[in-house]
Amino acid sequence: MKTLHLSKDLALPLEVLRDVTAIVGRRGRGKTTTAVVLVEEAHRTGRRFCVVDPTGSWWGLRSSRDGRHPGIPCVVFGGKHVMAPLEPTAGKLLAEFVADPSQPSAVLDIKTWSRGEQVRFLADFLSTLYQKNDAPLLLVLDEADQVAPQMAEPGERVMLGAAQRLVKLGRVSGFGV
């Protein structure tokens with residue numbers, strides 16, 4: 001059986017890529033690092049991915065750990081290490097790009113946006129991605145509490161609803177989250 005090797009002591013079945021997975025822990029304990037390894041392993045098995053990056057740190061996937069060799073060939077939209085522009089009004093357009101299985105994996109760097117811009121983009125992006133995607137895709141929502149807050153403000157409820165719908169029903173459409 002093929003597995004995802006997260007460390008020398010931890011291997012997970014490939015089915016993890018088609019399920020909902022949470023990496024939980026205190027700040028600074030390696031949650032994002034663990035998610036990076038999961039994405040690297042997903043790429044190794046041929047699975048496309050899209051990372052919603054509110055921290056501006058995922059661009060590093062494009063380089064090896066030592067920085068001397070190429071990493072994963074993915075497109076970084078937005079942020080300081082931008083390869084392609086990303087606008088808060090382009091949620092639907094980016095979802096159509098990500099849903100197209102002929103396109104490369106993507107990192108969506110939304111760190112520099114206001115909270116309102118993030119909410120607008122993610123509401124459009126998540127709802128459109130749910131509607132359009134029908135191929136295997138690993139969607140990583142780093143800092144997921146920002147996308148699906150337990151106590152959503154009135155302006156965040158559409159984004160929260162889109163996230164809940166995708167997480168609850170997306171498996172049929174090929175999502176792992």
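The following exchange concerns helix H4 and the nonpolar cores of a predicted model.

Colleague: What makes residues 157-169 a helix of the expected span?

Modeller: H4 has 13 residues, and the expected span is 1.5 Å times one less than that number. That gives 18 Å, and the helix reaches 18 Å from its first C-alpha to its last, close to expectation.

Colleague: Which residues of H4 are called buried, and why?

Modeller: Met159, Leu160, Ala162, Ala163 and Leu166 are the ones. They are called buried because each has under 20% relative accessible area.

Colleague: How do you know whether they line one face of the helix?

Modeller: Down the axis of H4, the buried residues fall within an arc of 160°, so they line one face. The face turned away from them carries Arg157, Val158 and Lys168, which are exposed.

Colleague: What does the buried side of H4 pack against?

Modeller: Its buried residues pack against helix H3 (115-132), strand S6 (137-141) and strand S7 (175-176).

Colleague: Why is the set of 33 residues called a nonpolar core?

Modeller: Because its members are buried residues of the nonpolar kinds, joined through side-chain atoms within 4.5 Å. Those with the most contacts inside it include Leu108, Phe121 and Phe125. H3 gives the largest share of this core, eight residues.

Colleague: What does Phe121 touch away from its own stretch of sequence?

Modeller: Leaving out residues up to four places away in sequence, Phe121 touches Leu86, Glu87, Pro88, Ala90, Gly91, Leu94, Leu108, Ile110 and Trp113. Another core, of 20 residues, lies apart from the one with 33; Leu17, Val37, Ile72 and Cys74 are among its members.

Notes. Residues numbered from 1 in each chain as written. Predicted model: local features only at pLDDT ≥ 70, side-chain atom pairs only at ≥ 80, totals over all residues. Heavy atoms only, no water. Helix = DSSP H or I, 4+ residues; strand = E, 2+ residues; numbered from the N terminus. Buried < 20%, exposed > 50% of the residue type's maximum accessible area, 1.4 Å probe, protein only. Arc of directions from axis to C-beta. Contact = heavy atoms within 4.5 Å.
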